[in-house]
Amino acid sequence: MQLEGSRSILSKQLAKVLDLETVSVDLNQGTSLRSILAQGQRLIGADSSLIHLAAHFGLTTIALFGPNSITWRRALGREHLQISQHVECSPCFQSRCHFDLRCQDQLKPAAVLSNIKRHFDLQS
């Protein structure tokens with residue numbers, strides 16, 4: 001499941017490659033986030049509260065980490081996958097990058113897809 005409106009370009013690319021359904025959400029129309037998450041099995045997204053909510057509601061999550069620490073901010077459980085690209089300034093825990101977003105920019109779709117396939121034992 002890929003929620004439309006996600007700011008993560010990488011998660012959008014992966015959703016397309018993995019042929020995941022994209023769900024368009026307008027929470028102003030009274031649709032509950034819980035009912036939306038109930039439609040999916042897996043959620044790809046940037047490390048955020050949504051990853052934790054999805055895990056709480058039973059979805060398997062694939063969290064893409066940048067400035068945060070996987071050790072501190074991951075969804076709990078072996079079924080969840082956390083992916084990051086280690087760079088010299090991460091984890092920095094900053095809401096705004098003081099450099100060049102290298103922790104996010106160096107996280108390449110091919111490497112993420114490889115991790116996903118290996119973790120979920122998917123065929124190429």
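This briefing walks through the fold, the core and a few backbone details of the structure above. The model is predicted. The protein has six helices and five strands, and from the N terminus its elements follow the order β-α-β-α-β-α-β-α-β-α-α. Of its 124 residues, 33% are buried. Among contacts between residues at least 6 apart in sequence, 41% link residues at least 24 apart.

**Strands β3 and β4**

- Strand β3 covers residues 42-46 and runs parallel to β4, with five bridges joining the two.
- To get from β3 to β4, the chain passes through helix α3 (residues 49-56), and this β-α-β crossover is right-handed.
- If you would like a landmark for the pairing, look at Ala46, which stands opposite Leu64 in β4.

**Thr61, a polar residue to look up in β4**

- Thr61 sits in strand β4, which spans residues 60-65.
- Is Thr61 buried or exposed? Thr61 has a relative accessible area of 0%, and because the cut-off for buried is under 20%, Thr61 counts as buried.
- The side chain of Thr61 makes a polar contact of 3.0 Å with the side chain of His80.
- Beyond its neighbours within four places in sequence, Thr61 is in contact with Leu43, Ile51, Ala54, Ala55, Ala75, His80 and Leu81.

**The nonpolar cores**

- Which residues make up the largest nonpolar core? There are nine: Ile44, Ile62, Leu64, Leu81, Ile83, Leu107, Val112, Ile116 and Phe120.
- At least two residues of this core come from each of β4, β5 (81-84) and α6.
- Another core, of eight residues, lies apart from it and includes Leu43, Leu59, Ala63 and Phe65.
- Ile62 is a good residue to click on: leaving out residues up to four places away in sequence, Ile62 touches Leu43, Ile44, Gly45, Ile51, Leu81, Ile83, Ile116 and Phe120.

**Helix α6**

- Helix α6 runs over residues 109-119, and its buried residues are Val112, Leu113 and Ile116.
- Viewed down the axis of α6, these buried residues fall within an arc of 100 degrees, so they line one face of the helix.
- The general geometry is handy here: an α-helix has 3.6 residues a turn, so residues three or four places apart point the same way.
- The exposed residues Ala110 and Arg118 are carried on the face of α6 turned away from the buried side.
- Just after α6 comes Asp121, which has a positive phi of about 50 degrees.

**Backbone details between β5 and α5**

- As background, most residues other than glycine have a negative phi, and most peptide bonds are trans.
- Where is Pro91 found? Pro91 is in the loop between β5 and α5 (102-105), and the peptide bond leading to Pro91 from Ser90 is cis, with omega near -5 degrees.
- Phe93 lies in the loop between β5 and α5, and its phi is positive, near 65 degrees.
- Phe93 is partly exposed, with a relative accessible area of 38%.
- Leu101 is also in the loop between β5 and α5, with a positive phi near 60 degrees.
- The relative accessibility of Leu101 is 38%, so Leu101 counts as partly exposed.

Note on methods:
Residues numbered from 1 in each chain as written. Predicted model: local features only at pLDDT ≥ 70, side-chain atom pairs only at ≥ 80, totals over all residues. Heavy atoms only, no water. Helix = DSSP H or I, 4+ residues; strand = E, 2+ residues; numbered from the N terminus. Buried < 20%, exposed > 50% of the residue type's maximum accessible area, 1.4 Å probe, protein only. Polar contact = N/O pair within 3.5 Å; in protein donor to acceptor, adjacent residues only side chain to side chain. Contact = heavy atoms within 4.5 Å. Arc of directions from axis to C-beta. Core = buried A, V, L, I, M, F, W, Y, C linked by side-chain atoms within 4.5 Å. Pairing = 2+ DSSP bridges. Right-handed = clockwise from strand over helix to strand, strands pointing away.
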